[in-house]
Amino acid sequence: MSELPRPGDDAAHMAVALDEARAAATHGDVPIGAVVVRNGEIVSRARNRREADADPTGHAEILALREAGKRLASWHLLDCTLYVTLEPCVMCAGAIVLARVPLVVFGAPDPKAGAVISIAQVFDERHLNHHPKWRMGVLREESESMLRSFFAGHRGTTAD
């Protein structure tokens, strides 16, 4: 099994996830991006595509995990880290557990739908057979600012 990234390596990978989030907003999707990294190399990157694809499962995390599985020819992502700009929801947290991802790094908490620390703690569910570690707060301000701006635009208000 490969070595997981140290916290000092997180910002560069999260910056790529933020690029994906910006791209999601260009097609009307909530700006969330995700990157799967293995041995310091990006295996896959994705952005929310629910609106673009009319797919309720088109979350950045799901798409990034799916692509990583294809590229690595395995659904076991035991030596990968997932970087995502917003705390994963219940669906995505479940997929992360099922993929056996050992570490998730997310930028901002999601008080309305987050399933790592906010509305649920899926990674801590004792009945599950895998418990990913997680880190939060990497480029948090950038992630939150992008989301605020996006939703303010949808409401016709200012971001701050």
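This is a short conversation about three residues in a predicted model.

Trainee: Let's start with isoleucine 96; why is this residue called buried?

Mentor: Buried means under 20% relative accessible area, and isoleucine 96 has 0% relative accessibility, so the label applies. You will find isoleucine 96 in helix α4, residues 90-98.

Trainee: Which residues does isoleucine 96 touch, leaving out those up to four places away in sequence?

Mentor: Among them are Leu65, Leu82, Val104, Phe123 and His130. Take leucine 82: the two residues are 14 apart in sequence, with 8.5 Å between their C-alpha atoms.

Trainee: On to serine 44 in strand β2, residues 41-47. What makes serine 44 count as buried?

Mentor: Serine 44 is at 1% relative accessibility. The cut-off is under 20%, so serine 44 counts as buried.

Trainee: And how do you know that the side chain of serine 44 has a polar atom close enough to the backbone oxygen of alanine 64 for a polar contact?

Mentor: The pair lies 2.7 Å apart, and a polar contact needs N or O atoms within 3.5 Å. Ala64 is also one of the residues that serine 44 touches, as are Val35 and Arg71.

Trainee: Why is histidine 130 called buried?

Mentor: Histidine 130 has 14% relative accessibility, which is under the 20% limit, so this residue is buried too. Histidine 130 sits in the loop between β4 (103-108) and β5 (133-136).

Trainee: What does the side chain of histidine 130 reach?

Mentor: That side chain reaches the backbone oxygen of valine 101 at 2.7 Å. Histidine 130 touches Val101, and its contacts also include Ile96, where we began.

Conventions. Residues numbered from 1 in each chain as written. Predicted model: local features only at pLDDT ≥ 70, side-chain atom pairs only at ≥ 80, totals over all residues. Heavy atoms only, no water. Helix = DSSP H or I, 4+ residues; strand = E, 2+ residues; numbered from the N terminus. Buried < 20%, exposed > 50% of the residue type's maximum accessible area, 1.4 Å probe, protein only. Contact = heavy atoms within 4.5 Å. Polar contact = N/O pair within 3.5 Å; in protein donor to acceptor, adjacent residues only side chain to side chain.
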